[in-house]
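Visitor: I am new to this structure and would like a close look at a single part. Could you walk me through the helices of chain B and what surrounds them?

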Amino acid sequence: MLSTASGIRNGVDTEDARAPAPRPSQWMRALADIASGAGAIHLWGKLGWLDIAQRYRRSAIGPFWLTISMGVMIVSMGALFAGLFKTDIHDYLPFIAISFILWGFIASAVTEGCTAFIAADALIKQSNLPLSLHVFRGVWRNLIILAHNSVIFALLAVYFRMTPSWTWLLAPVGAAFIAVNAVWAGLLLGALSARFRDVPQIAASIMQVFFFLTPIIWQPALVPDRTYILDYNPFYHFLEIVRTPLLGQMPALASWAAVLAMTFSGGAASIAFFALTRRRIAYWV
Amino acid sequence: MTRLSLHDVCVNIPIYNADTRSLKNTLFKRAVGGALRQARGNRHFVRALDNVSLSFHTGDRVALIGHNGAGKSTLLRVMGEIYEPVTGHVERTGSLAPIFDVALGFDMESTGRDNIMLRGMYLGHSAARMHAQFEEIAEFTELGEYLAMPLRTYSAGMLMRLAFAVSTAITPDILLMDEWFGVGDAEFIQKAEKRIDSMLAHAGIVILATHDAALARRVCSKAAWLEGGRVRAFGPIDDILFAYEAASAA
């Protein structure tokens, strides 16, 4: 009986040695999946909203509970740490507000990216929707939450009478780059997690560590002599390209360069990984 | 011209969390299921489909029959482009609609109306097309004002009506079904059967996995008998069912 299994060399994920998968075609299929997934905007657009509506159905203010709970946390943490760090609350509160709002998006993008395919197992096994659709759905859901939380910054800007700066215009551009990176991270982590179920736990722990390693609560100026802590932290650069413009300054070119480099290398790596794993994902979930 | 053909399709389903090694010998000879194989190391997989070659053309109404675990659902998933075969390939001309779970993707907190739109999109129809079809679907469900209510207020039968109406509203070239729709009350069943008949009449190819021999005879003209992931026989429905029933009785 085992003689017919002679083609099996690489363990269970047997790409049978008799007929190796034609590579160019797997590339094309992966790209086609991403293109049609992105194209189904009417579907993931609706599903993203439904995900949020489901959590807050029948509550009077709905998803603005997100804004309120985030707002309460920001103001209380802001007051506490402004005292501890002996910083002016006028500077500190807008800083920590933007940091928390952005970190909320980044951390969910990573942890929910891990479960993008696992959570959609029924849809993946019962319908022939493009796989990338589930990733777009998750990123879109978190963008909606980000938009709700942005209200906090707007309120603070009014309260502290921040002077609008033309650099604010750079913030949405930065946020768009974070979203693009969230898509590739979701494709990569989603596929990896579908196969190795420990990945979501590992990613959650790592994000916890990065919450403290990244200047979210503490300001980057606190580490003047140890900038490697900032330079080699990818999340620092993502925060910088949105936070600094909102605080009225230009982000460092190095941060933009780092983000661009991550966008292209991460995007390429994740497309390559998706091309390798796409055909197995339905079996893994 | 609608066509669907499979060439030497093999599918392995990996098993990651079961230590079946010691059971290997006992499991090799069973009536149901595909062959369990062991790969290098301690990992296992089920050969769910083993060198399956089948070809269907316009007008084919095919019943997939076989024991539990014979590979019927796996074969449907391969034809529905959900599972990509390990070896071999599938060729298709014509649009495809896999309807494996009629209630798939329903959002219980949304209204019936929203769910009609949502389900239509899951089946790959554009919003514009669903808007155009909406009145007809709504009418068919006979749910009236209930369409404005959230789905969680529906009874099982009402849910089935809604699912059935959307799933059958637009006819694809190739229709894949895993078991029949179980639909509501007697009066609705009649209406549903008429609808299915017209859907079947318009679809180019219908593939139906079922355990119901009477249904298979009524709906299908051909049958493919699967056993342990292989096609044991493929041909006219009566011949295949006769052989299958004889083998099962023995």
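Guide: Here is a walk through chain B, with the helix H3 and its surroundings at the centre.

A word on the model comes before the tour. This is a predicted model, in which local features need pLDDT of at least 70 and side-chain atom pairs count only at pLDDT 80 or more, while totals for chains, interfaces and linings use all residues. Residues are numbered from 1 along each chain as its sequence is written, chains are lettered from A and ligands numbered from 1 in the order in which they are written, and side-chain values use heavy atoms, with hydrogens and water left out.

Chain B holds eight helices and ten strands; helices (H or I, at least four residues) and strands (E, at least two) are DSSP runs, numbered from the N terminus. Of its 250 residues, 52% are buried, where buried means under 20% relative accessible area, exposed over 50% and partly exposed in between, with a 1.4 Å probe and protein chains only. Take the contacts in chain B between residues at least 6 apart in sequence: 71% of them join residues at least 24 apart. Contact here means heavy atoms within 4.5 Å.

Now to the helix itself. Two packed helices are described by the angle between their axes and the distance between the axes. Helix H3 (residues 112-122) of chain B crosses helix H5 (residues 156-167) of chain B at roughly 40°, and their axes come within 10 Å. That angle makes H3(B) oblique to H5(B). Axes are lines fitted to C-alpha atoms, for helices over the stretch in contact, and angles run from 0 to 180 degrees between N-to-C directions; under 35 degrees counts as roughly parallel, over 145 as roughly antiparallel, 65 to 115 as roughly perpendicular and the rest as oblique.

Which residues meet there? From H3(B) come B:Gly112, B:Asn115, B:Ile116, B:Arg119 and B:Gly120, and from H5(B) come B:Leu162, B:Val166 and B:Ser167. By class, this contact has three nonpolar, four polar and one charged residues. Ala, Val, Leu, Ile, Met, Phe, Trp, Tyr, Cys and Pro count as nonpolar, Asp, Glu, Lys and Arg as charged, and the others, Gly among them, as polar.

Look next at B:Gly120, which is found in helix H3 of chain B. B:Gly120 counts as buried because its relative accessibility is 0%. Leaving aside neighbours within four places in sequence, B:Gly120 is in contact with B:His125, B:Met130 and B:Val166. B:Gly120 and B:Met130 are ten residues apart in sequence, and their C-alpha atoms are 6.3 Å apart in space.

A second pair of helices can be set beside this one. Helix H4 (residues 127-141) of chain B packs with helix H6 (residues 186-202) of chain B at an angle of about 145°, and their axes are 11 Å apart. Here B:Glu136, B:Glu139 and B:Phe140 in H4(B) meet B:Phe188, B:Lys191, B:Ala192 and B:Arg195 in H6(B). The residues of that contact divide into three nonpolar, no polar and four charged.

Two strand residues round off the tour. B:Asp8, in strand E1 (residues 3-15) of chain B, has a positive phi of about 45° although it is not a glycine. B:Asp8 counts as partly exposed because its relative accessibility is 44%. B:Asn51 lies in strand E3 (residues 44-57) of chain B and has a positive phi of about 50°, again without being a glycine.
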